[in-house]
Amino acid sequence: MNEADVDMLREERDASPRRFSNWDPHDSFFQRYHRLSPEEKDKLHRSMPGDDNDRPPSSSAASSSSAPSVRLEAIRTANMSRTATNRINHQESHPHALDRIETHRTQHSGTVGAIKSRKSSQKEIPAMGAGKPYPPMLPEMEEYVVEFDGFDDPRHAQNWPLRKKLLIGVILAYDALAATMGSSIFSSGISGVVSTFHVGEEVGTLGTSLFVLGYAFGPIMWAPMSELYGRRLPLVIAAFGFSVFAIGVAVAKDVQTVMICRFFDGLFGSCPLAVVAAAFADMFDNKTRGLAVAVFSATVFMGPLLAPFIGGFITISYLGWRWTEYISAIMGFSAFALITIFLPETYPPIILVNKAQDLRRATKNWGIHAKQEEIEVDFKELITKNVSRPMRILFQEPIVLLITLYMSFIYGLLYLFLTAYALVFQGQYGFNEGVGGLCYFGMVAGEIIAFIVVVIMNPSYARKLEANNNIPVPEWRLPISIVGGVLFAGGLFWFGWTGFEGDKIPWIVPTLSGLFTGFGIFTIFLSLLNYIVDAYLMFAASALAANTFLRSGFGAVFPLFATYMFDGMGIQWAATLLGCVALALVPLPIVFLLYGKKIRAKSHFAPAPDLQQDKRRDEEARGVPDSDGSVPSEEAEKKDA
């Protein structure tokens, strides 16, 4: 970790001391940082909470004589705000309400920065102007900050009626489906693009690759935007942009326009992948959130598999390949209309901003505001937390690097299948583009089976979580990915060795291999993504950003060499090579299942609340006193959790 990461942890501890104590009860992150960078030990000690020198901003030589006193007054006000926050925390009786008050500060510290940026605190404070003195300080700022009216406040998205949640969920799922179908529907029209613009097959395939490449860069923009301005605004902008660039592809007069518009189509289409899951998390609590995200994941992975047969039938009809993009634009514009008309804001901090606006208009008191309105965006900090940190986590954390490589390989094969299925069912069995696309329903059925298994297993996971003081153990997520990995590799062997001779083996046999590959894709992705989230907690956004960047790169590259590999090696041997790689990766989650705790214990970014709990239990069993001289009890642990 560098100084920026330690600053983030310090901000998190200041804003959410109760939550942070569960993540890092013994300050192991700070101790680890001291060992790594001894020269900054004194500097870090001076900035620790509770010290007499509690992060005072340095005054510049050019500041006026009144500036230091103003800064000191601002520090005093900030301290009073923290005191008021603590008072609210003590008054709030419902344990989950504390999380609701604190969650947005955690999200901002990980994506868009702190409430007060370091740059603004070090700037010279200008004069009022016109000879006016500085006005007297206002009363305590925290008294003017709006909050939710208790745990059952109907304004909070988790307290909305189930019917409303389901309607919003359907709209969001449809938006994600439109975006993911747009990634693969173009593949059915590649032959039309090749003949229209007189280019090679590889250039035509770039239309799919560039779209997926847009998936790699889009979340860097959409994720922090959703944390600053809420979920609704980026979804509205992205749905409109996605539709416009789809039309740009449909009416293109040259291949350059097709490729440029496909990239930006993917850039805007990546927004639902980054934001819809967060909107589900806004609406559903811990008991139902896993199922909601599973529904979202099923939609995301089914989209690329449902589109080819639709695009295939359109391409072979009188409509032609351009109408594949018109259909994508129609879906995008319909999603845009649904979101604009029916989607309310789900992000709690923005809901409070709207509440504060209503109160200001009603009371004429301009001091009433939401905590979100105190945010000051520092562009340098924004880039650091959304670009620099994900890359450092990717290459410094073996868990993130190895799991991301595994997931990137699987994700690349998802788009490689767009070429492989065409070579088998159109090349070997003589199907047209539309009928050949129907064979993807084997994989769709496998994903549906995987989804049902996840739903059945969810109550068992919930019971284990409750028995462990609601502290997740990341390795609990891994067993199903091991099963999925074995089945996925088996499905590749099955597909290759039954699909290379269309005149001897019925078409249904290689089609049914999709049951294994579809099951494997869904379970591997869902379990490993959850493993990253559980392992990295407040750094999960950065870890997932790195994961998305690398696997989108794989998804963009794999279709480009698929034809060469299958034509050069033969369908059976190319599938065998891929199956062997998939089989070699199966032990990876097994290694993390057995040794994941030890690896996480040495991590610079992965807090380990489960390991801290195990340590406290071991000390309790040995009768080792706590720092205050008392022996921790299991009841106290449950109360803290």
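Which helix holds Leu 438? Select residues 433-438 to find out: this run is helix H19, and Leu 438 is found in it. Before going further, note that the model is predicted.

**Stop 1: Leu 438**

Is Leu 438 buried, partly exposed or exposed? Its relative accessible area is 36%, a value that lies between the 20% limit for buried and the 50% limit for exposed, so Leu 438 is partly exposed. Now show Phe 309 and Phe 313. Leu 438 is in contact with both of these residues, leaving aside its neighbours within four places in sequence. Add Leu 305 to the selection. In sequence, Leu 305 and Leu 438 are 133 residues apart, but their C-alpha atoms lie 9.1 Å apart in space.

**Stop 2: helices H18 and H21**

Select residues 398-428 for helix H18 and residues 479-499 for helix H21. The two helices pack with their axes 12 Å apart, at an angle of about 20 degrees. Angles under 35 degrees count as roughly parallel, and H18 and H21 are therefore roughly parallel to each other. Their crossing is left-handed.

Next, show the side chains where the two helices meet. On the H18 side, pick residues including Tyr 406, Ile 410, Leu 413 and Phe 417. On the H21 side, the residues to pick are Gly 485, Phe 488, Leu 492, Phe 495 and Gly 499. Colour the full contact of H18 with H21 by class, and it divides into eleven nonpolar, three polar and no charged residues.

**Stop 3: helices H11 and H13**

Move to residues 232-250, which form helix H11, and residues 271-283, which form helix H13. How are H11 and H13 oriented to each other? Their axes come within 10 Å and cross at roughly 150 degrees. Angles over 145 degrees count as roughly antiparallel, and therefore H11 and H13 are roughly antiparallel. The crossing of H11 and H13 is left-handed.

To see the contact, select Pro 234, Leu 235 and Ala 238 in H11, together with Cys 271, Pro 272, Val 275 and Val 276 in H13. By class, this contact of H11 with H13 has seven nonpolar residues, no polar ones and no charged ones.

**Stop 4: confidence**

Finally, colour the protein chain by pLDDT. The mean is 79, and 77% of the residues reach 70 or more. Over residues 44-93 the pLDDT is below 50, and this stretch has 69 contacts in the model beyond near neighbours in sequence. Then select residues 633-641. Here pLDDT stays under 50, and the model has 13 contacts for this stretch beyond four places in sequence.

Terms used
Residues are numbered from 1 along each chain as its sequence is written. This is a predicted model: local features need pLDDT of at least 70, side-chain atom pairs count only at pLDDT 80 or more; totals for chains, interfaces and linings use all residues. Side-chain values use heavy atoms; hydrogens and water are left out. pLDDT is the predictor's confidence in each residue, from 0 to 100. Contact means heavy atoms within 4.5 Å. Axes are lines fitted to C-alpha atoms, for helices over the stretch in contact, and angles run from 0 to 180 degrees between N-to-C directions. Helices (H or I, at least four residues) and strands (E, at least two) are DSSP runs, numbered from the N terminus. Angles under 35 degrees count as roughly parallel, over 145 as roughly antiparallel, 65 to 115 as roughly perpendicular and the rest as oblique. A crossing is left-handed if the near helix is turned anticlockwise from the far one by less than a right angle, and right-handed if clockwise. Ala, Val, Leu, Ile, Met, Phe, Trp, Tyr, Cys and Pro count as nonpolar, Asp, Glu, Lys and Arg as charged, and the others, Gly among them, as polar. Buried means under 20% relative accessible area, exposed over 50%, partly exposed in between (1.4 Å probe, protein chains only).
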